[in-house]
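Student: I am new to this structure and would like a close look at a single part of it. Could you walk me through the place where the two chains meet, and how far to trust it?

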Amino acid sequence: MSKGDRENDLELNPFSSPDGENETDVDEFLPNTEEADDYVDVSEEDDPDEDETDLLYAALDIESETDEGDQELDFSSATSPVELLIEQGAVLRLPEDAALDALDPDESEASFGEDETMIINLGPQHPSTHGVLRVMLELEGETVLRSKPVIGYLHTGMEKTAEELTYVQGATNVTRMDYLSPLNNELVWSLAVESLLDVEMPPRATWIRMLMSELNRISSHVMWAATNGMDLASTTMMIFGFREREMVLSFFEKTTGLRMNHNYIRPGGVAADLPDGWEDDVEVIIDTISSRLDDYDELLTGQPIFRQRTEGVGVMSADLALALSATGPVLRAAGVPWDLRKDMPYLAYEDVDFDVVVGTVGDTFDRYAVRLNEIRESIKIVRQILEKMPSGDYRVQDAKITPPPRQRIDQSMEALIHHFKLFTRGFETLVGESYVAIESPRGELGCYLVSDGSNKPYRMHIRGPSFVNLQSVPALLRGSLLADTIAILSSVDPVLGEVDR
Amino acid sequence: MTVEDQNIEDRPAENDIVASLPIKGLIYTESAGTVTFFPSQSQYLELTNALKGASFVTCSDLCAVDYLRHLERPLPSGVSPERFEVVVQLLSLSRKQRVRIRLQIPEENPHAPSLFYIYPGAENMEREAFDLMGIVFDEHPDMTRILMPHDWEGHPLRKDYSVGRVPVQFKEAPGPR
């Protein structure tokens, strides 16, 4: 559909109602100006009531203030049947002829009149949208006919910011994207920078990264279980999830100094070695969480109410998931055993033994089960890391890339210069481009980096799994009930910091 | 020295992915196991269609790059550098391999064919590239801004759109109630 058509259609959009209509509505709510005059000092030059009226007009003109124009969802009656067919047909991956046969325009949404359907906004301020996601839903009764996520409310231009930061500073930027798995963001950034650096990681740095990444996966999935529980009215699960996540975050705080946005995994290794006695801490965490996973099973997995709310809700086939570029638990729940840790291993995932959890039906329950069991697999990996953690250096000993130890700065002029150069100018990479992808808790987290040989990336693009997985939402919601919308949205697990970047 | 200098081997024997494609005359490089195609505008859709047939069933990423400061960058012979590039990463699950496509987009006519009808998953990514870089994807069903407000002017990720040039734009704030 061309831009021009879209603009014409807008006139049919009841959301962009002409201003005149608004004004007549507003008049009913305005104070009676004649009455109010009695209480007003008439000696004032400006009529204060006029100002007040203007302000009221401004305050009540919310529609135009929050309008996102053609980014929004139109009524299906205002959308051409061909466009509706494209919406369905392309998503179903039907060839055009087959789509026309399978989807009779008379039977489709286009047959509903404007007064038969209703468009409502879910979000952006809604607790179940996990941030500022706004989903426009076209309802017929209680059934969701079509839906469209409207995003961008959290957009802060982080890809542009990255072009202004050196490679050393870059990690602080990317870690703020997906704030529930910051270490994975740092990891993909560091791997992308290192792919343009030609350095070899010491084994301990690799294994520390793997440990932190897996602990982060546990905390992220536990957090997801908590919010998902809350969305399905299980406040117990919410408390449980946050309690377990707190344990992991305490360990992060001990190791990195911060609970979130760590800037711990950096190009060239990690910022600091693991603290003394980390084995005991980690062991306590994984022992506790693995025993509490059985509590989760008791609380949710076998519970009839939970199962009825999730089973058969928001079903997605494997073909559809692949066509929509879905990754992570959304794709695996549909039965595709695709996990970058297993299939295109990075770090040292080849040296640890774990299973890829897949679902069979691809419904909301499968997505829950995949995540729950991925926590178990992560615990399995962490146990192996505890056994196999090599000794040695936690970062590259290259003064151009990693800072010298603090003590050396007091003794050596060279170390002082290196330290100064690194934190003011940073380091240069080779000219080239590289795309690195890792398996974050939400799916394929990719970083495309273009370097022109300076100390800053020429272009940095993050392929956010939440951003791409959000495309599955309209497909999952089609034909579901309004009450199930929350369960489905939650099961996709979008983190809006990463969607909007 | 560039990464390409280190890794590219101009192999006379064709790469097996390239050999399996029905299109002839494709320009490509191979670097660290990843094949990068440099199709012309007319070859682009044909190439992606053929790659999809060759088991590259998922479009894992699509983004645009503005090479304003490097208009004369080194590219394989036969490819004339343009200001913009659309970079597509395709993924094959069965081969466990990625390929990259770099499509040159001229500055005066920043249009590219849409991949939506081949990979529906490219929808959001193409909207993002349009929003932030101003590349128009023809035949895309919903070519609107996705991250920026619908009435935003300019495309922020372009290199001539400098940081801080535009004061922060907020919609008119409601007055005191």
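Tutor: Happy to! This is a predicted model, and confidence varies along chain B: among its elements, helix α1 (residues 3–7) of chain B has the lowest mean pLDDT, 46, while strand β4 (residues 84–92) of chain B has the highest, 92. Over residues 1–13 of chain B the pLDDT is below 50, although this stretch has 20 contacts in the model beyond near neighbours in sequence. Where pLDDT is low, the predicted coordinates should not be read in detail. As a whole, chain B averages a pLDDT of 81, and 84% of the residues score at least 70.

Now to the meeting place itself. Here 67 residues of chain B are in contact with 56 residues of chain A. Between them the two chains bury about 5100 Å², with carbon and sulfur atoms giving 56% of that area. Of the area that chain B buries against chain A, 11% is supplied by B:Arg98, B:Leu147 and B:Leu157, more than by any other three residues.

Charged and polar partners also appear here. The count between chain B and chain A is seven salt bridges. One pairing is B:Lys96 with A:Asp343, a salt bridge whose closest N and O atoms are 3.0 Å apart. In addition, 24 residue pairs are in polar contact across the interface, both residues being at pLDDT 80 or more. Elements giving two or more residues to chain B's side include α1, β4 and α4 (123–133) of chain B, but β3(B) gives the most, with nine residues. By type, the residues on that side divide into 33 nonpolar, 15 polar and 19 charged.

Definitions and conventions:
Residues numbered from 1 in each chain as written. Chains lettered and ligands numbered in written order. Predicted model: local features only at pLDDT ≥ 70, side-chain atom pairs only at ≥ 80, totals over all residues. Heavy atoms only, no water. pLDDT = per-residue confidence, 0-100. Helix = DSSP H or I, 4+ residues; strand = E, 2+ residues; numbered from the N terminus. Contact = heavy atoms within 4.5 Å. Buried area = accessible area lost by both parts, 1.4 Å probe. Salt bridge = Lys/Arg side-chain N within 4 Å of Asp/Glu carboxyl O. Polar contact = N/O pair within 3.5 Å; in protein donor to acceptor, adjacent residues only side chain to side chain. Nonpolar A, V, L, I, M, F, W, Y, C, P; charged D, E, K, R; others polar.
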